[in-house]
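The following exercises show how a protein model may be read step by step. Please study the sequence and the model before attempting each task.

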Amino acid sequence: MSATISLGMKKHHPVLLKKIISIISPQNGGTYVDCTFGQGGYSSKILTFPNTKVYGFDRDPKVSKKAFVLKKKYEKRFFFKNKKFSQINKNDLNNEAVDAFIFDLGLSSNQISDAKSGISFNSKGKLNMQMGINDFSANEVINYLEKKDLEKIFYHFGEEKFGRIIANKIEIERNKKKLLTEDLVKIIESVKKFKKGKHKATKIFQSIRMFVNKEVSELLFGLINSFKIVKPGGKIIVVTFHSIEDKIVKYFFKNFSENNKYSRYLPEIKNEKKLFILKNKKPIYPSLDEIKKYPSSRSAKLRYAEKNIDDDLFKDEFLEKFKYLTKVEDISKKL
Ligand SMILES: C[S@@+](CC[C@H](N)C(=O)[O-])C[C@H]1O[C@@H](n2cnc3c(N)ncnc32)[C@H](O)[C@@H]1O
């Protein structure tokens, strides 16, 4: 059965779905949390197995329509909340024992194609980039933040080499008129004239989107909370799409697992916590076949781990490690 869903929406391919099903083995039932419901590709598939229960969450209110259809079909086994995954608590899950938390951190095809969301560099008009439940938009970021702050955002969240020149040019241009999405694209293109490969605006757009949606703290607290809630022996599965997300997930699983050597250049740390058992030390990628059929899956990387013991002492160490990124998010307090 294909789990590709449509509902007046642009179809979204649920990346690495088969692999996820083989990791969670829902054949015997179980309770699962789909932290990034999207168009419900994962949830729909899991629910085809009898005796499963799915709690779906998404920050984007536009996905509620699809969630409503699933709710009608699986009234007693499917539950949905329009909520950010960093905020999921035991009450949302009726205090049930959870077998797996699943995060698919990409963008849904619908968000990319929705011109109003302004997430794609093909959009036109007012800058936005909000995924849902936001405090500010890309319009405020680009038109009001100081250029030194823009530079930090472009560098840390986009790893963009030309960040300083682009920030300078933004400052010059916005003094003439308020910048729209197409103006920002033009500025980036004018600076990165000779760049080949991915679209020139990819990194800058990623960095602004991450900032607007506070994606780093979402991920940090999403992981911390899912670890707290998932039952021992349960799994946390994360599909990432770029190196910043992957760095966080890799550190979380490797540093707090029995094989806690995060980097081969670092000495093994004597860490008695061993929160996780790592089943797969290396990330799992989509097959060439999947990538050929669905090119958007080409940057996907799946990592997962099994919870070993309950412990909450790791939280501060984890947050400290990525403070240099959450500090960049704090720039938003100026808005
Ligand atoms: C790639 S899509 C998920 C697709 C889904 N796996 C499917 O098969 O249809 C990612 C979704 O995660 C949602 N999302 C992103 N960050 C979130 C967060 N912090 N909390 C809740 N949902 C989030 C987005 O709104 C988007 O709908």
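A residue is called buried if 20 or more other C-beta atoms lie within 10 Å of its own, exposed if 12 or fewer do, and partly exposed in between. The structure shown is a predicted model.

**Exercise 1. Burial and backbone angle in a loop**

Task: Determine whether N94 is buried or exposed, and describe its phi angle.

Solution.
Step 1. Locate the residue: N94 belongs to the loop that connects strand 3 with strand 4 (98-104).
Step 2. Apply the cut-off: N94 has 10 C-beta neighbours inside 10 Å and therefore counts as exposed.
Step 3. Recall the general rule: most residues other than glycine have a negative phi.
Step 4. Examine the angle: N94 is not a glycine, yet its phi is positive, near 50°.

**Exercise 2. A second loop residue and a helix residue that touches it**

Task: State where K214 lies and what its phi is, and find which residues E329 touches.

Solution.
Step 1. K214 is placed in the loop between helix 9 (202-212) and helix 10 (215-229).
Step 2. Although K214 is not a glycine, its phi is positive, at about 45°.
Step 3. Because K214 has 19 C-beta neighbours inside 10 Å, it counts as partly exposed.
Step 4. E329 is part of helix 14 (residues 323-329). With 19 C-beta neighbours inside 10 Å, E329 is likewise partly exposed.
Step 5. Leaving aside residues up to four places away in sequence, E329 touches F211, K214, V216 and S217.
Step 6. One of these residues, V216, is 113 residues from E329 along the chain, and the C-alpha atoms of the two are separated by 8.1 Å.

**Exercise 3. The order of the sheet**

Task: Give the order of the strands in the sheet, and explain why strand 3 and strand 6 each have one side without a neighbour.

Solution.
Step 1. Count the elements: the protein has 14 helices and seven strands.
Step 2. Write the order: seven strands make up an open sheet, 3-2-1-4-5-7-6, with mixed pairing.
Step 3. Look at the edges: strand 3 (78-82) and strand 6 (276-277) each have a single partner strand, so one side of each is left without a neighbour in the sheet.
Step 4. Recall how such partners are held: strands of a sheet pair through backbone hydrogen bonds, either parallel or antiparallel.

**Exercise 4. Pairing and burial of two strands**

Task: For strand 2 and strand 7, name the partners and decide how far each strand is enclosed.

Solution.
Step 1. Strand 1 (residues 30-34) pairs with strand 2 in the parallel sense, over five bridges. Within this pair, Y32 faces V54 and D34 faces G56.
Step 2. Seven of the seven residues of strand 2 are buried, so the strand is largely enclosed by the rest of the structure.
Step 3. Consider the general pattern: in a regular strand the side chains alternate between the two faces of the sheet.
Step 4. In strand 2, T52, V54, G56 and D58 lie on one side and K53, Y55 and F57 on the other; all are buried, and both faces are thus covered.
Step 5. Strand 7 (residues 301-307) has six of its seven residues buried, so this strand too is largely enclosed.
Step 6. Strand 5 (residues 230-240) and strand 7 are antiparallel partners over six bridges, with L302 as the bridge partner of V239.
Step 7. Strand 6 also runs antiparallel to strand 7, through two bridges, and I277 stands opposite E306.

**Exercise 5. The surroundings of the ligand**

Task: How many residues surround the ligand, and how do they divide by character?

Solution.
Step 1. The ligand is surrounded by 23 residues, of which P14, T36, G38, G41 and D60 are the closest.
Step 2. The shell contains seven nonpolar, 10 polar and six charged residues.
Step 3. Helix 2 (41-47) and strand 2 (52-58) each contribute at least two residues to the shell.

**Exercise 6. The overall form**

Task: Compare the radius of gyration of the protein with that of a compact globule, and describe its domains.

Solution.
Step 1. For 335 residues, a compact globule would have a radius of gyration near 20 Å; the value for the protein, 20 Å, agrees.
Step 2. The C-alpha trace spans about 60 × 50 × 40 Å along its principal axes.
Step 3. Of the 335 residues, 42% count as buried.
Step 4. The domain assignment gives domain 1 (17-110 + 215-309) and domain 2 (135-212), with C-alpha centres 31 Å apart.

Notes:
Residues are numbered from 1 along each chain as its sequence is written. This is a predicted model: local features need pLDDT of at least 70, side-chain atom pairs count only at pLDDT 80 or more; totals for chains, interfaces and linings use all residues. A residue is near a molecule or strand if its C-beta atom, placed from the backbone, lies within 6 Å of it. Helices (H or I, at least four residues) and strands (E, at least two) are DSSP runs, numbered from the N terminus. Ala, Val, Leu, Ile, Met, Phe, Trp, Tyr, Cys and Pro count as nonpolar, Asp, Glu, Lys and Arg as charged, and the others, Gly among them, as polar. The radius of gyration is taken over C-alpha atoms; the globule rule is 2.2 Å times the number of residues to the power 0.38. Domain bounds come from an automatic or database domain assignment. Two strands pair if DSSP finds at least two bridges between them. Two residues are in contact if their C-beta atoms, placed from the backbone, lie within 7 Å.
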